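Trainee: I have a model open and some questions about it. Can we go through them in no particular order?
Mentor: Go ahead.

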Amino acid sequence: MNCPNCGRELAEGEICNCIPQANEVPSAPETAPVMNEQPPVQPQPEVSPVSAPVQNTYYTPPVAPVMQQNQPQQPYFTPQQPVATEIPARTDYPEGYKIKKKHVAVTLAVTVGMFGIHNYYLGNNSKALAQLLVCLLGSLVFGLGAIVAYVWATVEAVLIFAEKNDKDGNGYKIMTFEESLAREINKSKE
């Protein structure tokens, strides 16, 4: 049998110590090895304890892969798009429609909201009537109705202010203070 790297003739079971060339690829053996056959054991050269290399016994953490400069980092979290379950407020105000203003509704809700005045202003008449009845009839029971109605009005004021509730009773958008101010400036310019 010949060495696949240097071509030197080898004896049975002998392994060549030549170094393969960089451009040469060792060829596959001509015969398949037998499964039960043990490979020959090569004697290792004796190494004196003085010249033995020192092995590193410390833990070496794995190296993290380095990102290319042009690759964007993948996000850790992919946010889901919110599902629109509510119909957005309409902004196609009809001619002569009295547009409701957010700052007026919040002021009414904080001051006299326990009587439902802010809901009357916004056009939510059934909610305003329920709030008025809770306040008046509930006051007969140790005054708790007024407290409950005031907490209810305060929560609605916060929802209107945070624009979670941005529609009036007819489904039109409640105008913010900035929008109403810009509208008044545009009217004065005309």
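Trainee: What volume does the second largest pocket have?
Mentor: This is a predicted model, and in it the second largest pocket comes to about 180 Å³.

Trainee: Which residues line the second largest pocket?
Mentor: One stretch of the lining is Tyr93, Pro94, Glu95, Gly96, Tyr97, Lys98 and Ile99. Lys101, Met175, Arg183, Glu184 and Lys187 also line this pocket.

Trainee: And how does that lining divide into nonpolar, polar and charged?
Mentor: Five residues are nonpolar, one is polar and six are charged.

Trainee: What about cavities, how many of 30 Å³ or more are there?
Mentor: The count is one cavity. The largest cavity has a volume of about 30 Å³.

Trainee: Which residues line the largest cavity?
Mentor: Lys102, Ile160, Glu163, Asn165, Asp166, Lys173, Ile174 and Thr176. By class, that lining has two nonpolar, two polar and four charged residues.

Trainee: Glu163 is in that list. Where does Glu163 lie?
Mentor: Glu163 sits in the loop between helix 4 and helix 5, the latter spanning 177-189. At 41% relative accessibility, Glu163 counts as partly exposed.

Trainee: What is the phi of Glu163?
Mentor: Phi is positive there, about 60°, although Glu163 is not a glycine. Most residues other than glycine have a negative phi.

Trainee: Stepping back, how many helices and strands does the protein have?
Mentor: Five helices and zero strands. Along the sequence the pattern reads α-α-α-α-α.

Trainee: What share of the residues is buried?
Mentor: Buried residues make up 19% of the 190 residues. As for contacts between residues at least 6 apart in sequence, 47% join residues at least 24 apart.

Trainee: Take helix 1, then. Which of its residues are buried?
Mentor: Helix 1 runs over residues 102-112, and its buried residues are Lys102, Ala105, Val106 and Ala109. They cover an arc of only 95° around the axis, so they are on the same side of helix 1.

Trainee: Why would residues spaced like that point the same way?
Mentor: An α-helix has 3.6 residues a turn, so residues three or four places apart point the same way.

Trainee: What covers the buried residues of helix 1?
Mentor: The cover includes helix 2 (117-122) and helix 4 (144-161). Lys102, one of those buried residues, also lines the largest cavity.

Trainee: What about Gly116, where is that?
Mentor: Gly116 is in the loop between helix 1 and helix 2.

Trainee: Buried or exposed?
Mentor: Gly116 counts as buried, at 0% relative accessibility.

Trainee: Which residues is Gly116 in contact with, leaving aside its neighbours within four places in sequence?
Mentor: Ala128 and Gln131. The C-alpha atom of Gly116 is also separated by 9.8 Å from that of Val134, 18 residues apart along the chain.

Trainee: Changing topic, how many disulfides does a search of the whole structure find?
Mentor: Zero.

Trainee: Why is there no bond from Cys6 to the closest cysteine sulfur?
Mentor: The closest cysteine sulfur is in Cys16, 3.6 Å from the sulfur of Cys6, and that is too far for a bond. The cut-off for a disulfide is sulfur atoms within 2.5 Å.

Trainee: How accessible are Cys3 and Cys6?
Mentor: Cys3 is buried, with a relative accessible area of 6%. Cys6 is partly exposed, with a relative accessible area of 46%.

Conventions:
Residues numbered from 1 in each chain as written. Predicted model: local features only at pLDDT ≥ 70, side-chain atom pairs only at ≥ 80, totals over all residues. Heavy atoms only, no water. 1 Å grid on protein atoms, 1.4 Å probe; cavity = no way out; pocket = protein on both sides within 12 Å on 5 of 7 lines; lining within 4 Å. Points joined across faces, edges and corners; volume = space filled by probe spheres on them. Nonpolar A, V, L, I, M, F, W, Y, C, P; charged D, E, K, R; others polar. Buried < 20%, exposed > 50% of the residue type's maximum accessible area, 1.4 Å probe, protein only. Helix = DSSP H or I, 4+ residues; strand = E, 2+ residues; numbered from the N terminus. Arc of directions from axis to C-beta. Contact = heavy atoms within 4.5 Å.
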